[in-house]
Amino acid sequence: MSSKAEKRAKFEHVFTVIRDELVDFFKSQNLPQDATEWFAKNLDYNVPGGKLNRGLSVVDSVEILKRRSLTDEEYFKSAVLGWCVELLQAFFLVSDDLMDSSITRRSQPCWYRIEEVGYIAVNDAFLLESAIYWLLKKHFRADPAYINLIELFHETSLQTEIGQLLDLITAPEDKVDLSKFSLKRTGEQDLYALASSILIPLGEYFQVQDDYLDFAGTPEQIGKIGTDIVDNKCSWCVNTALAVATPEQREVLDKNYGRKNAEAEKNVKEVFEAVGVRARYEEYEEKAYKRIIGLIETIPEGGSGKDGEVKLQRAVFKSFLDKIYKRQK
């Protein structure tokens, strides 16, 4: 079995292929050279960094479902699809960093903070998204799953954008109202319902991790400066603190949360420490892990699905979980 580093290197090689395909397409449009170079820099700066868990999970999942090593063609197409997922993530991150006025991402300045970029980042985000559909058309148009893939990326984008709307309207910079914050969510069997019953808690666990690392992780560790407190985000950390805060601690949160100054942020973090957010997260993480493992084990041995259909495999979901359990960045 290939090492983690070898898997990553093989996956990253496919990026160089699709990156050149995209840049060659730009060149074919008779654009000025500086426009083509800008697009290439946009791709190189925003796409291949990070953990690549999302893209690698696509390749891992295909291999698990086929129960064998992939042919070169199968690997390449799986990796292209994985890089489409990474492009989608890059599109979201470039946009989100601008909306949140974030400082760093993946241990480097956010794209919009590059001196010559600024608000051009808005269009650059659109280009990252459009690259997905160009690649899908080039590599999957003859595939029976082509339309399903198109619809899946569109639906995922819409759901993410709805989530971003909720994030933004519950965190207005000019009005902090912690009474609007809540951890409540609705929960919901055929094949897709069973998968959803596992993936939704898994996604929730990932988001809680993200919220916690924004508070507890260092810039060197997580590759960015945490801004949830000063940005008035409805995060797991503040909701956890609100649930157990004394009246005095609640007053500190009301006066300091969402304020863009270092002293206010320090005061909020002191309340988080006082109410034991770190220990509460450790308890949450263990419970979430056990819960998700329990849900994965509801998939019948040998997979779940009708004859002739792709079956759910426990190993696919376990692979997702293993990539994020106790992550530090």
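1. A helix, as the word is used in this note, is a DSSP run of H or I that covers at least four residues, and helices are numbered from the N terminus. With that in hand, and bearing in mind that the model is predicted, one can place Asn30, which comes just after H1 and takes a positive phi of about 55°.

2. Helix H1 itself runs over residues 4-28, and its length can be checked by a simple calculation: at 1.5 Å a residue, its 25 residues should span 36 Å, and because the C-alpha atoms at its ends are 37 Å apart, the expected and the computed values agree.

3. Several residues of H1 are buried, namely Phe11, Val14, Phe15, Ile18, Glu21, Leu22, Val23 and Phe26. The partners against which the buried residues of H1 pack are four helices, H2 (33-46), H3 (53-66), H4 (72-100) and H5 (120-140).

4. On a wider view, the protein is divided into domain 1, which covers residues 1-171, and domain 2, which covers residues 176-328. The contact between them draws 23 residues from domain 1 and 22 residues from domain 2, while the centres of the two domains, taken over C-alpha atoms, are separated by 24 Å.

5. Between domain 1 and domain 2 an area of about 1,800 Å² is buried, and carbon and sulfur atoms give 51% of that area. The interface also holds three salt bridges by the rule applied here, and seven residue pairs are in polar contact between the two domains, counting pairs with both residues at pLDDT 80 or more. On the side of domain 1 that touches domain 2, H3, strand S1 (104-105) and helix H6 (146-169) each supply at least two residues, and H3 gives the most, with eight residues.

6. Which residue forms a salt bridge with Asp100? The partner is Lys233, and the closest N and O atoms of this pair are 2.9 Å apart. The side chains of Lys233 and Asp100 are likewise listed as making a polar contact, at 2.9 Å.

7. Lys233 deserves a paragraph of its own. This residue lies in the loop between helix H8 (219-222) and helix H9 (236-244). Is Lys233 buried or exposed? Its relative accessible area is 7%, and since buried means under 20%, Lys233 is buried. Leaving aside residues up to four places away in sequence, Lys233 touches Asp100, Asp167, Leu168, Ala171, Phe181, Asp228, Val238 and Tyr257.

How values were computed: Residues are numbered from 1 along each chain as its sequence is written. This is a predicted model: local features need pLDDT of at least 70, side-chain atom pairs count only at pLDDT 80 or more; totals for chains, interfaces and linings use all residues. Side-chain values use heavy atoms; hydrogens and water are left out. The expected span of a helix is 1.5 Å times one less than its number of residues. Buried means under 20% relative accessible area, exposed over 50%, partly exposed in between (1.4 Å probe, protein chains only). Contact means heavy atoms within 4.5 Å. Domain bounds come from an automatic or database domain assignment. Buried area is the accessible area (1.4 Å probe) that two parts lose on being put together, summed over both. A salt bridge is a side-chain nitrogen of Lys or Arg within 4 Å of a carboxyl oxygen of Asp or Glu. A polar contact is a pair of N or O atoms within 3.5 Å; within protein, one must be able to donate a hydrogen and the other to accept it, and residues adjacent in sequence count only if both atoms are side-chain atoms.
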